[in-house]
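Trainee: Could you take me through one small part of this model up close? I'd like to see how one spot fits with what's around it.

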Amino acid sequence: MPTNLYGYNDNYHPQNSHVLPALLRRFHEAKESGAPEVTIWGTGSPKREFLFADDLAAACLFLMETYSGRGLVNIGTGEDVSIKELAGLVKEAVGYEGELAFDTTKPDGTPRKLLDVTKLHSLGWRHTTELREGIRMAYADFLSQEAVAER
């Protein structure tokens, strides 16, 4: 059972993408337009776990080769960040210099979503792509998709 995924060839659509690729697009567009701020729904306090999709693929291969037990194995990092922290990481990766604003009239959603990955770690597998680097790689992918779309 995987946690929230992001990575290459993600869906960056403005209305129907997940939080991380949506933030990449919004910060990029704000940077390009010179917008003074990017508004994030809620307080920014909910915490989420994110796994680079290539790490999911590596975990699946690892489990196919080494695991024969019964039951689900959670696949994630075992680490979470607040939406505010995530927005800061995306802002940094994109190079956006404006401000963050939080629209507290919008819902926060579930306070915390973090998988227990004790079983996976005890089998000897851990993710290799740290969130900061994964966001940089996903942003480079977004830029390459934008370049292709402009042709």
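**A close look at Gln145 and Asp10**

Mentor: Sure, let's start with Gln145, which touches Asn9, Asp10 and Tyr12, leaving aside residues up to four places away in sequence. Keep in mind that this is a predicted model. Gln145 sits in helix H5, which covers residues 131-150. Now look at Tyr8: along the chain, Gln145 and Tyr8 are 137 residues apart, yet in space they are 9.8 Å apart, C-alpha to C-alpha. Is Gln145 buried or exposed? Neither, really: its relative accessible area is 30%, and buried would need under 20% while exposed would need over 50%, so Gln145 counts as partly exposed.

Next, follow the contact across to Asp10. You'll find Asp10 in the loop between strand E1 (4-6) and helix H1 (19-33). Apart from residues up to four places away in sequence, Asp10 touches Leu5, Pro21, Asp141 and Gln145. Unlike partly exposed Gln145, Asp10 is buried. What about a salt bridge for Asp10? There is none: the nearest side chain of opposite charge belongs to Arg25, and that is 11 Å away. A salt bridge has to be within 4 Å, so Arg25 doesn't qualify. What Asp10 does have is a polar atom in its side chain lying 3.3 Å from the backbone nitrogen of Gly7.

One last stop, back at H1. Helix H1 gives the largest share of the lining of the largest pocket, four residues. That pocket holds about 500 Å³ of space. Its lining has 18 residues, and Val19, Ile40, Trp41, Ile83 and Pro107 lie nearest its centre.

Conventions: Residues numbered from 1 in each chain as written. Predicted model: local features only at pLDDT ≥ 70, side-chain atom pairs only at ≥ 80, totals over all residues. Heavy atoms only, no water. Helix = DSSP H or I, 4+ residues; strand = E, 2+ residues; numbered from the N terminus. Buried < 20%, exposed > 50% of the residue type's maximum accessible area, 1.4 Å probe, protein only. Lys, Arg positive; Asp, Glu negative; His and termini not counted. Polar contact = N/O pair within 3.5 Å; in protein donor to acceptor, adjacent residues only side chain to side chain. Contact = heavy atoms within 4.5 Å. 1 Å grid on protein atoms, 1.4 Å probe; cavity = no way out; pocket = protein on both sides within 12 Å on 5 of 7 lines; lining within 4 Å. Points joined across faces, edges and corners; volume = space filled by probe spheres on them.
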